[in-house]
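Got your viewer open? Let's take a walk through this protein, one selection at a time.

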Amino acid sequence: QVQLVESGGGLVQAGGSLRLSCAASGIFFSLTSMGWYRQAPGKQRELVSSITNRGNTNYADFVKGRFTISRDNGKKMVYLQMNSLRPEDTAVYYCHAEGTGLWGQGTQVTVSP
């Protein structure tokens, strides 16, 4: 089955941390760049971070120094470690297989003041 399944979201206080995980199946994961996106209420979906199949990373300015993306090709997993969370990080976070139409169902991250 071709799918991406996110997990790890939740409610955390400002300054806290969360680790999101995305499990991929049915795709050539080791050849695919992966991305984390987020969408807050009333806003467009935006790129948070991406990682190529070789491990090269890219971050949006608003998460640089706070978030870290990583991947495990053997396990077909991609992760997003989120530290120093802020209330403005509150959103639904989505995993995406770059260059495809494949998205996960999303996981809610809520950061309280």
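## First stop: arginine 66

Select arginine 66 and show what surrounds it: setting aside neighbours within four places in sequence, arginine 66 is in contact with Gln81, Met82, Asn83, Ser84, Leu85, Arg86 and Asp89. Before we go on, keep in mind that this is a predicted model. Arginine 66 is found in the loop between strand S6 (57–59) and S7. Is arginine 66 buried or exposed? Arginine 66 counts as buried, because its relative accessible area is 7%, and the cut-off for buried is under 20%.

## Two residues with positive phi

Next, pick serine 84, one of the contacts of arginine 66 you just saw. Serine 84 sits in the loop between S8 and S9. Check its backbone: phi of serine 84 is near 50°, a positive value in a residue that isn't glycine. Serine 84 is partly exposed, with a relative accessible area of 41%.

Now jump to lysine 76, in the loop between S7 and S8. Lysine 76 isn't a glycine either, yet it has a positive phi of about 55°. With 33% relative accessibility, lysine 76 is partly exposed.

## Threonine 90 and its partners

Go to threonine 90, which you'll find in the loop between strand S8 (77–82) and strand S9 (91–97). Show its side chain and look for two polar contacts. A polar atom of that side chain lies 2.9 Å from the backbone oxygen of proline 87. The side chain of threonine 90 also reaches the backbone nitrogen of valine 111, at 2.9 Å.

Which residues does threonine 90 contact, leaving aside its neighbours within four places in sequence? Select Ala40, Gln108, Val109, Thr110 and Val111 to see them. Try a distance too: threonine 90 and threonine 110 are 20 residues apart along the chain, while their C-alpha atoms are separated by 4.6 Å.

## Tyrosine 37 in strand S4

Select tyrosine 37, which lies in strand S4. Tyrosine 37 is buried, with a relative accessible area of 16%. Zoom in on the side chains, and you'll find a polar contact of 3.0 Å joining tyrosine 37 to glutamate 98. Beyond four places away in sequence, tyrosine 37 touches Arg45, Glu46, Leu47, Val48, Val92, Tyr93, Tyr94, His96, Glu98 and Trp103. For another distance, click on tyrosine 37 and alanine 91: they are 54 residues apart in sequence and 9.5 Å apart in space, C-alpha to C-alpha.

## Into the nonpolar core

Now for the largest nonpolar core, with its 29 residues. Which of them touch the most other members? Highlight Leu4, Trp36, Val78, Leu80, Met82 and Tyr93. Then colour strand S3 (18–25), strand S4 (34–39), strand S5 (46–51), strand S7 (67–72), S8, S9 and strand S10 (107–112), since each supplies at least two residues of this core.

Stay with leucine 4 for a moment. Not counting neighbours within four places in sequence, its contacts include Cys22, Met34, Cys95, Leu102 and Trp103.

## Last stop: the largest pocket

Finish at the largest pocket, which has a volume of about 180 Å³. It is lined by 13 residues, and Arg38, Ala40, Lys43, Glu46 and Glu88 lie nearest its centre. You've met Ala40 already, as a contact of threonine 90, and Glu46 as one of the residues tyrosine 37 touches. How do the lining residues of this pocket divide into nonpolar, polar and charged? Four are nonpolar, two are polar and seven are charged.

Methods
Residues are numbered from 1 along each chain as its sequence is written. This is a predicted model: local features need pLDDT of at least 70, side-chain atom pairs count only at pLDDT 80 or more; totals for chains, interfaces and linings use all residues. Side-chain values use heavy atoms; hydrogens and water are left out. Helices (H or I, at least four residues) and strands (E, at least two) are DSSP runs, numbered from the N terminus. Contact means heavy atoms within 4.5 Å. A polar contact is a pair of N or O atoms within 3.5 Å; within protein, one must be able to donate a hydrogen and the other to accept it, and residues adjacent in sequence count only if both atoms are side-chain atoms. On a 1 Å grid over the protein atoms alone, a cavity is a set of points where a 1.4 Å probe fits but cannot get out, and a pocket is an open set with protein on both sides within 12 Å along at least five of seven lines; lining residues have an atom within 4 Å of a point. Grid points are joined across faces, edges and corners, and a volume is the space filled by probe spheres set on the points. Ala, Val, Leu, Ile, Met, Phe, Trp, Tyr, Cys and Pro count as nonpolar, Asp, Glu, Lys and Arg as charged, and the others, Gly among them, as polar. A nonpolar core is a set of buried Ala, Val, Leu, Ile, Met, Phe, Trp, Tyr and Cys residues joined through side-chain atoms within 4.5 Å. Buried means under 20% relative accessible area, exposed over 50%, partly exposed in between (1.4 Å probe, protein chains only).
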